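Please open the model in a viewer and keep the sequence panel at hand. The tour below proceeds by selection, with a description of what is found at each stop.

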Amino acid sequence: METKTNDFPSSDDEEVISLLRVLDHIDLSKYRVIGGIVRFDQSSRNSMKDVKQRIVASLNSRSYGCDNYLLWAPPGSGKSFFIQEIAKSLGSPIHYRENNLAQMDEAQFRTALSEIERSDKPRLCLIDEIDSKPNESWPYEVLLPSLEPPAGRRTTRTCFVLAGSSGGSTSGMKEGIAKRPKGIDLLSRIPPGNEFEIEGLGLGDRLLVVSTQFLNAAREEGREIHEVEKLVLYYVALNPQLKSARNIRQLAVRSIERVPSGEDRIRYDHLFDPGDPENKEFWFRASSVRDELVNVFVALNESDRPSSTVSQSTPRKIITEVPPRKEVTDTGLEKNRIAVLPFTNFSPDPNDEYFADGMTDEIISTVSGIRGLSVISRTSVMKYKKTTKSMTDIGQELRAGKLLEGSIRKSGNRVRITVQLIDSENDAHLWAQSYDRNLDDIFETQMDIARKIADALKVPTAARDRNLDENVDAFTLCLRARSLWYRRTREANEQAILLFEDSLKIDSESARALAGIADCYVAAGGWGWMDQKEAYVKASQFAKRALELDDTLPEAHVALGQVKRMVEGDYHGAEVEFKRAVSLNPNYSDAHEMYAWICRAFGRLDEALREVKKAFDLDPVPAERAWLLAVSYFFLGRNDDAMAVCNKILQTQPEYSPPYLGRAVLYAIRGAREEAFKNLETYHRLTKQDPYGEIDYKCLKARIEAHLGNEEEAFRLIDELYPQIDRSEEVLSHSNASSTVTALNEASALQQLSYTLSLVGDGDRFFRLMDYLIDTENIWPGESRDPSYENMRSDPRFAELFRKDLLRLERRPSAENVSSLSKGI
């Protein structure tokens with residue numbers, strides 16, 4: 001095999017090194033699609049499993065006829081092997097035939113198709129390289145009759161998989177096929193939904209595929225391989241010639257031939273023949289990372305095959321998904337995890353869109369009361385409004401085994417609601433019903449839907465009853481107001497307050513409207529749309545009034561808890577409210593997140609992490625929530641987990657700045673200077689327009705240098721920073737501890753500076769600054785537990801600082817001294 005060693009190490013080096021640093025053990029069974037097919041990325045696995053399920057379901061069908069599929073995959077991705085493994089999983093009851101169109105002439109192709117038709121078993125036929133022979137007209141003319149059996153004649157169930165690699169994607173391949181004789185006819189034989197793509201092998205895929213092939217090649221020789229050197233995996237992941245599963249297989253076979261008898265490890269030297277110049281050249285190019293990859297091994301096993309080299313007493317970092325506590329299917333879906341998708345508005349008046357969205361919220365709220373279910377929050381499901389994704393894809397993305405979708409048609413006082421419950425694993429309908437009711441019956445309809453879902457899923461506990469006597473006109477105004485509140489703009493928030501107030505004019509005892517106004521004022525204070533003290537005082541008044549009327553409203557408890565925490569400084573009272581909200585609705589993600597803040601303040605870090613995980617599990621879309629999860633891991637010293645969450649956020653939201661801050665710090669802690677500053681610069685690019693963006697950046701730069709051990713440079717930056725910080729004489733001399741720092745980014749910059757002072761051991765300036773941050777409420781209670789303050793804990797002054805910090809949990813500071821601070825790491 002020819003290799004172009006000058007092409008690597010490549011730009012993927014950082015990703016590979018990050019993965020290998022935390023990798024001690026590969027459990028291949030956790031990444032298996034089917035048989036010997038493995039994929040690293042969960043979405044790729046799920047996509048391939050979807051193809052498998054459709055083909056298997058078709059061949060297991062008792063009906064007659066033909067199913068045709070179009071499959072695109074890049075060269076070397078293992079598409080032929082994938083179909084072979086599907087056939088193998090079905091066993092002897094089917095007849096499998098594989099034809100490579102590129103290697104056949106017309107006569108051979110006709111003969112092969114005839115042999116398929118003579119079989120009396122269900123048939124699976126792969127036509128590989130369907131996009132080959134572009135200058136000949138016979139391929140599609142010969143194939144078309146087989147794709148559509150003659151009318152009136154019963155034929156044994158047949159599945160044709162037409163596979164190709166041209167065009168760069170399915171659409172590109174189809175464009176090429178359509179230009180050929182009978183190409184459009186061929187494409188017309190592929191039903192909607194039967195087109196699939198298989199992604200090429202990524203970096204993680206190559207690590208898994210070569211590990212699988214090492215095991216397979218060894219067993220073919222009657223041997224066992226238990227471990228592989230990290231430098232081997234580094235080489236395979238970065239070698240551009242090893243993007244093909246076929247080439248990886250060849251490498252594995254040759255390597256096994258070089259392993260001495262009795263050896264159960266694959267070492268870097270086993271990849272090459274003696275004197276191979278590629279060995280020497282790559283060895284030289286990998287010099288910067290060689291020390292941490294040589295003689296360091298990753299254990300391999302497949303769960304059902306015990307690995308004798310894995311110590312039962314030594315915990316390992318495992319490259320696998322965390323085993324879920326809930327019952328899951330073999331596709332990773334939680335059976336009783338449900339997503340209520342946005343209802344479609346079929347009303348004659350498009351302005352009634354709010355009603356469809358509002359009913360989605362109402363059903364989510366009602367179904368959340370079913371104790372046996374885990375219900376995805378609104379934020380995460382609303383992105384599927386008007387989506388074209390399949391139910392299977394949505395289920396996989398949300399890990400939801402069940403989906404509820406529906407439509408609304410509102411006309412005057414009549415409303416028609418159609419709902420259906422779907423098993424996302426196989427796209428099967430579990431229950432469906434239409435309701436044609438007066439608007440006055442809307443509450444009973446909601447309850448009936450919840451009961452029917454509980455019955456269909458055999459969940460014993462039904463949703464809690466709700467007030468069926470609520471005024472419908474007031475309810476409709478509340479729906480309209482909530483749709484505005486969700487927009488998170490000042491203008492929409494002010495309009496929402498007016499609509500909630502109109503609702504109260506109709507029904508002065510509408511707890512729903514009162515809780516809605518409380519939420520609006522919390523938002524106004526939190527976003528700075530009005531004076532914070534004034535906003536939170538109003539929020540408190542409305543939330544308390546709502547709870548006097550209905551103590552079972554979790555939203556009102558969360559609003560009141562926010563006021564107690566943010567304004568009154570009553571952390572014990574806030575904890576009571578958040579715990580009450582969680583008990584009323586265990587599926588209320590915001591309540592879990594707010595409770596997590598309280599747990600962290602009181603030092604219950606493990607409990608805080610559990611609550612954040614629950615909030616994230618119920619509402620995985622918001623980047624802010626995922627960032628809080630990363631910070632929670634950091635506080636517990638679980639830096640690898642924090643890094644993994646930061647990386648995950650940036651895969652879908654690359655313009656969200658905090659994860660770059662997190663990665664900069666985490667890389668610096670590892671000693672990876674280049675990666676640390678690369679992420680810091682990206683963070684700076686995204687935040688430099690903020691009022692204190694430049695100062696924040698310089699404070700972070702000093703912190704990074706301190707983490708890297710460059711104390712001299714860190715001190716130089718600190719001395720340079722002091723004159724630049726606004727009100728520096730007042731702040732840093734602590735001459736006026738009661739003044740309030742109102743700019744969020746200034747407070748953040750000062751906190752970053754406090755980390756740096758701790759890291760370089762500058763106790764005098766550290767304690768002056770921390771006293772200021774605590775006295776002016778510019779640092780949350782309990783933040784003194786941050787790992788970045790570790791260097792100061794042995795100083796006798798730290799005990800008093802810690803006591804002073806936690807004392808705030810027992811007192812009530814004035815509202816004027818409260819300043820929000822949300823940045824963590």
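In which helix is Ser758 found? Select helix α31, residues 744-760, and Ser758 is found there. The model is a predicted one, in which local features need pLDDT of at least 70, side-chain atom pairs count only at pLDDT 80 or more, and totals for chains, interfaces and linings use all residues. Residues are numbered from 1 along each chain as its sequence is written, and side-chain values use heavy atoms, with hydrogens and water left out. Helices (H or I, at least four residues) and strands (E, at least two) are DSSP runs, numbered from the N terminus.

**First stop: Ser758**

Ser758 has a relative accessible area of 0% and is therefore buried. Here buried means under 20% relative accessible area, exposed over 50%, and partly exposed in between, with a 1.4 Å probe and protein chains only. Next, display the neighbours of Ser758: leaving aside residues up to four places away in sequence, Ser758 touches Phe766, Ser788, Tyr789, Glu790, Asn791 and Met792. Contact means heavy atoms within 4.5 Å.

**The whole chain**

Zoom out to the full protein, which has 33 helices and 18 strands. Of its 825 residues, 56% count as buried. Among contacts between residues at least 6 apart in sequence, 70% join residues at least 24 apart.

**The five-stranded open sheet**

Select β4, β5, β6, β7 and β8: they form an open sheet of five strands in the order β5-β6-β7-β4-β8, with parallel pairing. The edges are taken by β5 (95-100) and β8 (195-197); each has a single partner strand, so one side of each is left without a neighbour in the sheet. From one strand to the next, the twist averages 20°; angles run from 0 to 180 degrees between N-to-C directions, and axes are lines fitted to C-alpha atoms, for helices over the stretch in contact.

Within this sheet, pick strand β4 (residues 66-72) and strand β7 (residues 158-164), which run parallel and are joined by seven bridges. Two strands pair if DSSP finds at least two bridges between them. To see one such bridge, select Leu70, whose partner in β7 is Leu162.

**Cysteines**

How many disulfides does the structure hold? The structure holds zero disulfides, a disulfide being a pair of cysteine sulfur atoms within 2.5 Å. Select Cys159, which is in no disulfide; the nearest cysteine sulfur, that of Cys66, lies 7.2 Å away. Cys159 is buried because its relative accessible area is 0%. Then select Cys699, which is also buried, with a relative accessible area of 0%.

**Strand β16 and its partners**

Move to strand β16 (residues 400-411), which is mostly covered, with nine of its 12 residues buried. Three partner strands can be displayed in turn.

- Strand β13 (residues 334-340) pairs with β16 in the parallel sense over four bridges; Ile338 has Lys402 as its bridge partner in β16.
- Strand β14 (residues 344-345) also pairs with β16 in the parallel sense, over two bridges; Asn345 has Ile408 as its bridge partner in β16.
- Strand β17 (residues 414-423) runs antiparallel to β16 and is joined to it by 10 bridges; Ser411 has Arg414 as its bridge partner in β17.

Finish this stop at the turn: β16 and β17 form a hairpin with two residues between them, and Gly412 in that turn has a positive phi of about 65°.

**Two loop residues with positive phi**

Most residues other than glycine have a negative phi. Select Lys133, which has a positive phi of about 55° although it is not a glycine. Lys133 is in the loop between β6 (123-128) and α5 (138-147). Is Lys133 buried or exposed? Its relative accessibility is 18%, so Lys133 counts as buried.

Now select Asn295, which is not a glycine yet has a positive phi of about 60°. Asn295 lies in the loop between α11 (277-285) and β11 (297-301). At 53% relative accessibility, Asn295 counts as exposed.

**Last stop: a helix pair**

Select helix α16 (residues 472-485) and helix α18 (residues 511-526), which pack at an angle of about 15° with their axes 10 Å apart. That makes α16 roughly parallel to α18; angles under 35 degrees count as roughly parallel, over 145 as roughly antiparallel, 65 to 115 as roughly perpendicular and the rest as oblique. Show the side chains of the contact: among those on α16 are Phe475 and Trp485, and among those on α18 are Arg512 and Asp519.
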